[in-house]
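Work through the exercises below with the model open beside you. Try each task before reading its solution.

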Amino acid sequence: MRNIAVFGAGYIGLVTGACLAELGHTVTVRDIQPHRVESLRRGEVPIYEPGLSELLANNEDRLRFTLDAQEALQHAEIAYVCVDTPPTPSGDADLSRVWSVIDDLRNAPHLAAVVMKSTVPVGTGEQVQNAMTAAGLGHVGYASNPEFTAEGKAVHDFLHPDRIVIGTADPVAAELVASLHKGVDGPVQTMSIASAEMVKLASNALLATKITFTNEIAAVCEATGADVEEVAAAVGMDHRLGPHFLKAGLGYGGSCFPKDSRALRAMASNSGYPFQLLSAVIEVNDLQPRRAIARLKEQIGGLRGRRIALLGLTFKPGTDDMREAPSAIIAARLLSEGAQVTGWDPMAHPGAEAPWDQVERKSDVIDAVTDCDAAMVVTEWPELVDVDWAKAAQAMKNPLLFDGRNLLNRQDLVRYGFTCMGVGRITALPK
Ligand code: UDX
């Protein structure tokens with residue numbers, strides 16, 4: 001079993017640290033935010049991720065949290081870089097946090113390898129290796145080991161991955177990183193550092209493309225009378241295509257797809273190649289929530305003075321993460337059209353900044369839709385299926401439901417008196 005330092009106590013760092021401890025390693029997680037480290041030391045988990053609190057609690061003997069890089073590195077044989085790489089105004093990835101971790105790699109007498117989990121542009125590993133050599137760390141191996149974990153099932157994805165990608169030029173580092181995953185149920189793919197960096201960006205871009213393709217098919221369905229749910233179900237039965245990521249909706253969000261697709265496009269552009277397909281994906285995704293608002297506006301004849309409920313605010317269910325959530329664009333568009341907006345979500349804690357300062361938050365769905373001219377399902381929280389929709393129809397001023405995730409049973413809704421709009425399907429009128 002190894003001694004490991006994990007830099008970054010965000011979603012990826014905490015899941016990586018907790019899972020490595022679960023596998024039997026001794027882990028010190030270092031973060032630069034004092035309140036984060038203090039709450040982790042008290043046993044409080046600053047993010048919501050199913051299974052994570054239990055894993056941290058079960059392995060507390062093997063887990064430490066610190067603000068001090070030197071403390072984390074004192075006994076560390078392996079250093080994991082799990083810091084965020086947010087987009088800059090040009091769409092490139094901001095690597096300043098990655099570089100500050102690399103700068104911190106001093107006085108680490110036992111360090112044998114640095115493992116990059118943060119999503120970085122292709123070529124970063126080579127630059128990091130050069131910087132490490134210049135800093136007298138030429139003997140330390142380097143490996144790119146991108147994460148493919150989805151929020152909401154990150155612990156499961158870490159312990160049962162489709163593949164473990166290890167990119168390195170150093171066979172000893174490859175062996176060392178592979179050995180850390182003993183007990184993990186998934187095949188190891190070793191390759192060059194550049195290829196590993198590209199696998200992450202390519203995988204996320206292709207997933208985003210599948211979603212966007214379905215959203216475009218949905219737009220054509222709306223115009224022609226086909227139903228995207230029926231279409232996607234049958235398309236996905238072709239084993240060459242697969243059933244995943246064919247769900248039409250209000251566009252992808254979250255911490256990865258929007259950022260990584262822009263980073264890949266910027267990287268391609270910087271090297272002189274215009275990645276046109278990806279540009280189209282990004283553009284269509286930006287348009288997706290706006291198209292929904294335009295359709296709603298047309299259906300109810302203008303939005304000024306209307307009261308609209310947004311049901312679900314997080315970028316997807318099973319998380320409290322609001323990063324790049326379509327709900328923010330939808331709320332801001334509705335407010336700028338002069339509508340009043342109420343919002344319900346079982347997990348989200350949107351900040352006090354716009355548009356959330358003007359959204360009336362309700363803890364009950366019926367309260368959120370009461371006196372509303374329309375309600376919109378923005379996130380497919382399972383709780384919404386169990387709402388008493390007959391009661392909701394009575395409580396609304398105008399029972400119009402825009403199901404932005406095609407979640408609810410339309411036959412029931414039309415029986416209760418709802419007009420049902422959806423993505424990629426024609427509007428169903430009340431019976
Ligand atoms: C994603 C990748 O799945 C993961 O491998 C990577 O490491 C990080 O990015 P995550 O952002 O947690 O993970 O969420 P995911 O479940 O993949 O969903 C991303 C977005 O796409 C969400 O906004 C979701 O609502 C949307 N989506 C997903 C669709 O609109 N339709 C689909 O069919 C699937």
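The exercises cover the ligand shell, the salt bridges and two loop residues.

This is a predicted model, in which local features need pLDDT of at least 70, side-chain atom pairs count only at pLDDT 80 or more, and totals for chains, interfaces and linings use all residues. Residues are numbered from 1 along each chain as its sequence is written, and side-chain values use heavy atoms, with hydrogens and water left out.

**Exercise 1. Describe the shell around the ligand.**

Step 1. Find the neighbours. A residue is near the ligand if one of its heavy atoms lies within 4 Å of it. The shell holds 18 residues, and Glu-151, Lys-247, Gly-253, Cys-256 and Lys-316 come nearest.

Step 2. Sort them by class. Ala, Val, Leu, Ile, Met, Phe, Trp, Tyr, Cys and Pro count as nonpolar, Asp, Glu, Lys and Arg as charged, and the others, Gly among them, as polar. The shell has 9 nonpolar, 3 polar and 6 charged residues.

Step 3. Trace them to elements. Helices (H or I, at least four residues) and strands (E, at least two) are DSSP runs, numbered from the N terminus. Helix H9 (residues 193-224) gives the most to the shell, with 3 residues.

Step 4. Trace them to domains, whose bounds come from an automatic or database domain assignment. Domain 1 (3-191) and domain 2 (192-431) each supply at least three residues of the shell.

**Exercise 2. Which backbone atoms lie close to oxygen atoms of the ligand, and how much of the ligand is buried?**

Step 1. Use the cut-off. A polar contact is a pair of N or O atoms within 3.5 Å; within protein, one must be able to donate a hydrogen and the other to accept it, and residues adjacent in sequence count only if both atoms are side-chain atoms.

Step 2. List the distances.
- Lys-247: a backbone N or O atom lies 2.8 Å from a ligand oxygen.
- Phe-148: a polar backbone atom is 2.9 Å from a ligand oxygen.
- Thr-149: a polar backbone atom is 3.1 Å from a ligand oxygen.

Step 3. Add the area. Alone, the ligand exposes 670 Å², and the protein buries 90% of that. Accessible areas come from the Shrake-Rupley method with a 1.4 Å probe; for residues, only the protein chains shown count as cover.

**Exercise 3. Find salt bridges and say whether their partners are buried or exposed.**

Step 1. Count. A salt bridge is a side-chain nitrogen of Lys or Arg within 4 Å of a carboxyl oxygen of Asp or Glu. The whole structure has 24.

Step 2. Take Arg-30 and Asp-104, which meet at 3.0 Å, N to O. Arg-30 sits in strand S2 (residues 26-30) and Asp-104 in helix H5 (residues 96-104), 74 residues apart. Arg-106 joins these two in a network of salt bridges.

Step 3. Judge exposure. Buried means under 20% relative accessible area, exposed over 50%, partly exposed in between (1.4 Å probe, protein chains only). Arg-30, at 12%, is therefore buried. Asp-104 is buried too, at 16%.

Step 4. Turn to Asp-238 and Arg-240, bridged at 2.8 Å. Asp-238 is partly exposed at 23%, while Arg-240 is exposed at 68%.

**Exercise 4. Place Thr-119 and Ala-93.**

Step 1. Thr-119 is in the loop between strand S5 (113-116) and helix H6 (124-134). Its relative accessibility is 10%, so Thr-119 counts as buried. Its side chain makes a polar contact of 3.4 Å with that of Lys-200.

Step 2. Ala-93 is in the loop between strand S4 (78-81) and H5. At 16%, Ala-93 counts as buried.
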